[in-house]
Amino acid sequence: MQSRPDRSITKIPNLDTQIQKLFQSHLKFISESRQNQAELDEFDKVFFTDFTFLNSGNTRNFFQNIQHSLENGKAYPGLMHVSYSSYSAINGKVTGVNYEYKSDGKNIILTKGTYNNGDMLRAVYNYNIDGKLLNTREVKGNKLINKNSYRLEI
C-alpha cells in the first residue's frame, strides 16, 4: 500500500462570504437605527440599504480576483482598481449609480454614489482583510448619515 504525502493546505476563508456577513450586520444596524433617518427621503433610504451590487457580475469578479490572489500569496499594494456606472430604479426613479472598488492587498474599499434632488449620496465601505473589520461611512451632501464598524466574529 502506498502512502500519500500530507497535502493539507491552510484554507483561506472565503472573502466574499466574510463581506456578505458584515453587510448583513450593517443592514441590521441601519434598520434598527433612527439616527439621522428624518433627513432621508424614501429614495435615500433605499439607496443606503440596497446592497444588491454585491451580487453583480462586476463585484463578483472583483472578489474572485482578490480571493485568487490571496490564495496564491500575491496580495500586492495597488493590486486592483475597478470603476463603472450602472442605471438603477430606486423607488421608481431611474438614476445612474457610480461604483468604485479598490484593493491594496490589505484593504478593500467599495464606494457607491449617486445624486438625489441635488445632494450627492455616497456610501464608502472599507474592509480590512487582516482584521476582518468593515468600516462604513454614508453621507448625504455634507451631512454624515451613518458611520459604524463591524468585526467578523468567527
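Reader: What makes S2 and S3 a hairpin?
Author: Strands S2 and S3 pair up with 3 residues between them. Strands here are DSSP runs of E (at least two residues; helices are runs of H or I, at least four), numbered from the N terminus. Two strands pair if DSSP finds at least two bridges between them, and S2 (residues 93–103) and S3 have 6, running antiparallel. Lys 102 stands opposite Ile 109 in S3, and Gly 105 in the turn has a positive phi of about 95°.

Reader: Where do these numbers come from?
Author: This is a predicted model, so local features need pLDDT of at least 70 and side-chain atom pairs count only at pLDDT 80 or more, while totals for chains, interfaces and linings use all residues. Residues are numbered from 1 along each chain as its sequence is written, and side-chain values use heavy atoms, with hydrogens and water left out.

Reader: How do you know that S3 pairs with S4?
Author: Count the bridges: 10 join S3 to S4 (residues 119–128), and the two strands run antiparallel. That clears the bar of at least two, so S3 and S4 count as paired. Thr 114, for one, has Leu 121 in S4 as its bridge partner. S3 and S4 form a hairpin too, with 2 residues between them.

Reader: What stands out about the phi of Asn 117?
Author: The phi is positive, about 50°, although Asn 117 is not a glycine. Most residues other than glycine have a negative phi. Asn 117 sits in the loop between S3 and S4. At 62% relative accessibility it counts as exposed (buried is under 20%, exposed over 50%, partly exposed in between, with a 1.4 Å probe and protein chains only).

Reader: And why is Lys 132 called partly exposed?
Author: Lys 132 comes out at 21% relative accessibility, and that value falls between the 20% and 50% limits, so partly exposed is the label. Lys 132 lies in the loop between S4 and strand S5 (133–140), and its phi is positive too, near 50°.

Reader: Why is Lys 112 said to have no salt bridge?
Author: A salt bridge needs a side-chain nitrogen of Lys or Arg within 4 Å of a carboxyl oxygen of Asp or Glu. For buried Lys 112, the nearest side chain of opposite charge is Asp 50, 5.4 Å away, so the pair misses the cut-off. Lys and Arg count as positive, Asp and Glu as negative, and His and the chain ends are not counted.

Reader: What does the side chain of Lys 112 have close to a polar atom?
Author: The backbone oxygen of Phe 47, which lies 2.6 Å from a polar atom of that side chain. Lys 112 belongs to S3 (residues 107–116), where 7 of the 10 residues are buried.

Reader: Why are Phe 23 and Phe 51 called edge-to-face?
Author: Rings of Phe, Tyr and Trp (its six-membered ring) pair if their centres lie within 6.5 Å; planes under 30 degrees apart are stacked, over 60 edge-to-face, the rest tilted. The count comes to 12 aromatic pairs. Phe 23 and Phe 51 sit 4.9 Å centre to centre with 65° between the planes, so both tests are met. Phe 23 is in helix H1 (residues 15–32) and Phe 51 in the loop between helix H2 (42–49) and helix H3 (57–71), so the pair ties together parts 28 residues apart in sequence. Both residues are buried.

Notes: Polar contact = N/O pair within 3.5 Å; in protein donor to acceptor, adjacent residues only side chain to side chain.
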